[in-house]
Amino acid sequence: MMKKILAIMLVTSAVAMSAQASDTKVMLPIAGAMAANDAQARLGDSVKFYFAGQTTPAIIKTLGSDKVSLKTNAVGKSDEKSCNWVFLSDMISLQKRAVELGANAVVNITNNYNNVENPSATEFECHVGTIMSGVAFKADFVRIGDK
């Protein structure tokens with residue numbers, strides 16, 4: 001009887017560990033994430049955002065670059081919901097850094113999960129696990145002129 005209980009415990013532990021370690025790459029539309037969670041209103045318009053490949057107004061001065069890689073709770077949420085939430089968290093983090101540096105735009109925003117660049121002007125990369133979802137970007141902070 002003890003052997004059966006031990007075997008069940010081992011199998012259950014192995015299944016739980018493999019489920020916890022899941023990491024599924026999901027590509028979602030940037031436009032959808034900007035429309036979710038009141039993102040546009042939360043970000044306002046004091047800092048402009050341009051993803052890799054998008055045309056920007058004239059850059060007056062480059063003020064630095066940085067990376068952001070945040071995670072959010074994915075338990076009980078759809079991939080899209082948790083990914084859109086962490087996307088917004090990353091964008092808010094980029095915005096705060098831009099303000100600190102005196103930038104009015106964040107340009108060349110590139111997917112950068114595990115330091116692997118995946119540029120896209122239309123989609124963002126999210127990695128979804130059983131417990132957490134994560135989005136990572138790298139970007140440049142600049143002052144741009146009027147459009």
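How many bridges join β4 to strand β7 (residues 132–144), and do the two run parallel or antiparallel? Keep that in mind as we walk through this predicted model; the answer comes at the fourth stop.

**Stop 1: the whole chain**

Start with everything displayed. The chain has four helices and seven strands, and along the sequence they follow the pattern α-β-α-α-β-β-α-β-β-β-β. Of its 147 residues, 37% count as buried. Taking contacts between residues at least 6 apart in sequence, 82% join residues at least 24 apart.

Now colour by pLDDT. The chain averages 90, and 85% of the residues score at least 70. Select residues 14–20 for a contrast: pLDDT stays under 50 there, and the model has three contacts for this stretch beyond four places in sequence.

**Stop 2: helix α4**

Select residues 79–101, which make up helix α4. Its 23 residues reach 33 Å from the first C-alpha to the last, close to the 33 Å expected at 1.5 Å a residue. Show the side chains and pick out the buried ones: Ser 82, Cys 83, Asn 84, Val 86, Phe 87, Leu 88, Asp 90, Met 91, Leu 94, Gln 95 and Ala 98. As you look at their spacing, recall that an α-helix has 3.6 residues a turn, so residues three or four places apart point the same way. Step just past the end of α4 and you reach Gly 102, which takes a positive phi of about 80°.

**Stop 3: Ala 39 and the largest pocket**

Next, select Ala 39, found in helix α3 (residues 39–43). Is Ala 39 buried or exposed? Ala 39 has a relative accessible area of 0%, and therefore counts as buried, a label that applies under 20%. Leaving aside neighbours within four places in sequence, Ala 39 is in contact with Ala 33, Met 34 and Leu 88. Of these partners, Leu 88 is also one of the buried residues of α4. For another link between these parts of the chain, draw a distance from the C-alpha of Ala 39 to that of Asn 84: the two are 45 residues apart along the chain and separated by 9.2 Å.

Met 34 leads on to the largest pocket, where Ile 30, Met 34, Gln 40, Phe 49 and Phe 51 lie nearest the centre among 13 lining residues. The elements giving two or more residues to that lining are α2 (30–35) and β2. The space in this pocket comes to about 180 Å³.

**Stop 4: strand β4 and its partners**

Select residues 105–113, strand β4, where eight of the nine residues are buried. Now visit its partners in turn.

- **β2 (residues 48–51):** this strand pairs with β4 in the parallel sense over three bridges. Lys 48 has Ala 105 as its bridge partner in β4.
- **β7 (residues 132–144):** here is the answer to the opening question, five bridges, with the strands running antiparallel. Look for Thr 110 opposite Lys 138, and for Asn 111 with its bridge partner Phe 137.
- **β5 (residues 116–118):** three bridges pair this strand with β4 in the antiparallel sense. The two form a hairpin with two residues between them, and Asn 114 in the turn has a positive phi of about 50°.

Stay in β4 and centre on Asn 112. Asn 112 stands opposite Glu 117 in β5. Why does Asn 112 count as buried? The reason is that its relative accessible area is 6%, and the label applies under 20%. Beyond its neighbours within four places in sequence, Asn 112 is in contact with Lys 67, Glu 117, Ala 136, Phe 137 and Lys 138.

**Stop 5: strand β7 and its other partners**

Finish by following β7 outward. Select strand β3 (residues 59–73): 13 bridges join it to β7, and the two run antiparallel. One pair to find is Leu 70 opposite Val 135. With side chains shown, remember that in a regular strand they alternate between the two faces of the sheet.

Last, select strand β6 (residues 123–128), which two bridges join to β7, again antiparallel. Val 128 has Ser 133 as its bridge partner in β7, and β6 and β7 form a hairpin with three residues between them.

Notes:
Residues numbered from 1 in each chain as written. Heavy atoms only, no water. Expected span 1.5 Å × (residues − 1). Buried < 20%, exposed > 50% of the residue type's maximum accessible area, 1.4 Å probe, protein only. pLDDT = per-residue confidence, 0-100. Contact = heavy atoms within 4.5 Å. Pairing = 2+ DSSP bridges. 1 Å grid on protein atoms, 1.4 Å probe; cavity = no way out; pocket = protein on both sides within 12 Å on 5 of 7 lines; lining within 4 Å. Points joined across faces, edges and corners; volume = space filled by probe spheres on them.
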